[in-house]
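The following account leads through the packing of helices and the surroundings of selected residues. Please keep the sequence and the structure in view while reading.

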Amino acid sequence: MADNAARVAQGWLYGFIGMLIFSGSLPATRLAVLAFDPLFLTAARAVIAALLAGPALLLLRQRAPQRAQWLPLATVAAGVVVGFPLLTALALQHTTSAHSLVYIGLLPLATALFGVLRGGERPRPAFWLFSALGAALVTGFALRQGVGGLSSGDLLMVAAIVLCGLGYAEGAVLSRTLGGWQVISWALVFALPFALLLMLVTAPAGWPPAGGEAWAALGYVSLFSMWIGFIFWYRGLAQGGIAAVGQLQLLQPFFGLVLAGWLLHEAVEPAMIAVMAGVMACVLTARRCSG
């Protein structure tokens, strides 16, 4: 019992570190997409991360995934290596990172739903009640902000959240047998041929007229958002529970909004903070009901 409690606590710690790293993803993507084409940015970050992950797998002599693990790894690659980065990059051409960060409030619910479908978890009904309430707060805020309904940026963010939730849950299940850092590393290797081809096809004709901030942002989303963050996150989900630890994503908008205001000088409206405070109350309650 004590060993299990320690394992769960460690899972929450790993998950928290991963969440902190991911908090800079949308602000960094916003900076990068101002200088790079979204398709090129998505491909480049995956290629850079894969060129780090591949040698790490070889140097540490990690065994190749079994055939039964190929499809789940491809799902992880489609969800978090290609789908989420591409859709968020496209969304951030139409909206600010501060506005997009509100949608991260939907991610714990998406992760929990796929955790039930793919991980066999069974949270209590009260968990779903407060998770759904948090998601409703986020959706209501987005509808209020939009003119005539959801904008294209909003719809892209919703699609990104669905794919990301699937990738998180699938990766967490794989992490139980393959290991956390191994899952994201093999997923990057699986995606490398496609990402490399896409990068070559979408590469600008000349040297991109990007400043130092854009290159630094590309470096961040490639190294931290695409690889290091997942090393902590997948281990946290595997040890602490997909639905439970996934609720930590509700903290990400708070940290992300601070970064958006500080680095990008974006307006952080009081309504955004109010929505995040309400969502936070929901996630704290949902966490108590996740077992």
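In this predicted model, helix α4 (residues 70-91) and helix α10 (residues 212-240) are oblique to each other. Their axes lie 13 Å apart and form an angle of about 130°. An angle counts as roughly antiparallel only over 145 degrees and as roughly perpendicular from 65 to 115, so the pair α4 and α10 falls into the oblique class. The crossing of these two helices is right-handed. On the side of α4, the contact is made by Val 76, Val 80, Val 81 and Pro 85, and on the side of α10 by Met 226, Phe 230 and Tyr 234.

Helix α10 also packs against helix α9 (residues 180-202), and there the axes come within 7 Å and cross at roughly 140°. That angle makes α9 oblique to α10. The crossing of α9 and α10 is right-handed. From α9, the residues that meet α10 are Gly 180, Trp 181, Val 183, Ile 184, Ser 185 and Leu 188. Their counterparts in α10 are Met 226, Trp 227, Phe 230, Ile 231, Tyr 234 and Arg 235. Met 226, Phe 230 and Tyr 234 thus take part in the contact with α9 and in the contact with α4.

Phe 230 and Tyr 234 have a further role in the packing of rings, as they belong to one aromatic cluster with Phe 22, Tyr 168 and Trp 233. A pair of aromatic rings is described by the distance of the centres and the angle of the planes. The structure holds eleven aromatic pairs. In one of them, the ring centres of Tyr 220 and Phe 224 are 5.1 Å apart and the planes stand at 25°, so the pair is stacked. The limit for stacking is an angle under 30 degrees. Both residues lie in α10, four residues apart, which is about one turn of the helix. Tyr 220 is partly exposed at a relative accessible area of 24%, and Phe 224 is likewise partly exposed at 31%.

Tyr 234 leads on to helix α8 (residues 152-178), since it is among the contacts of Ser 175, a residue of that helix. Leaving aside neighbours within four places in sequence, Ser 175 is in contact with Gly 180, Val 183, Tyr 234 and Ala 238. The relative accessibility of Ser 175 is 8%, and this residue therefore counts as buried, the limit being 20%. As for the helix itself, the 27 residues of α8 should span 39 Å at 1.5 Å a residue, and its end C-alpha atoms are 37 Å apart, which agrees. After α8 comes Gly 179, with a positive phi near 100°.

Another positive phi, of about 55°, belongs to Arg 61, although this residue is not a glycine. Arg 61 lies in the loop between α3 (38-59) and α4. Is Arg 61 buried or exposed? Its relative accessible area is 77%, so Arg 61 counts as exposed.

The two helices joined by that loop also pack against each other, at an angle of about 145° and with their axes 9 Å apart. The crossing of α3 and α4 is right-handed. In this contact, α3 contributes Pro 38, Leu 39, Leu 41, Thr 42, Arg 45 and Ala 46, while α4 contributes Val 81, Val 82, Pro 85, Leu 86, Ala 89 and Leu 90. Val 81 and Pro 85 appear here and in the contact of α4 with α10.

What of helix α2 (residues 25-33)? Nine of its nine residues are buried, so α2 is largely enclosed by the rest of the structure. Among these buried residues are Leu 26, Pro 27, Arg 30 and Val 33. Leu 26 is in turn a contact of Leu 101, which is found in helix α5 (residues 97-101). Leu 101 is buried, with a relative accessible area of 0%. Beyond its neighbours within four places in sequence, Leu 101 is also in contact with Gln 252, Pro 253, Gly 256 and Leu 257. The C-alpha atoms of Leu 101 and Phe 255 are separated by 9.6 Å, although the two residues are 154 residues apart along the chain.

Conventions: Residues are numbered from 1 along each chain as its sequence is written. This is a predicted model: local features need pLDDT of at least 70, side-chain atom pairs count only at pLDDT 80 or more; totals for chains, interfaces and linings use all residues. Side-chain values use heavy atoms; hydrogens and water are left out. Rings of Phe, Tyr and Trp (its six-membered ring) pair if their centres lie within 6.5 Å; planes under 30 degrees apart count as stacked, over 60 as edge-to-face and the rest as tilted. Buried means under 20% relative accessible area, exposed over 50%, partly exposed in between (1.4 Å probe, protein chains only). The expected span of a helix is 1.5 Å times one less than its number of residues. Axes are lines fitted to C-alpha atoms, for helices over the stretch in contact, and angles run from 0 to 180 degrees between N-to-C directions. Angles under 35 degrees count as roughly parallel, over 145 as roughly antiparallel, 65 to 115 as roughly perpendicular and the rest as oblique. A crossing is left-handed if the near helix is turned anticlockwise from the far one by less than a right angle, and right-handed if clockwise. Contact means heavy atoms within 4.5 Å.
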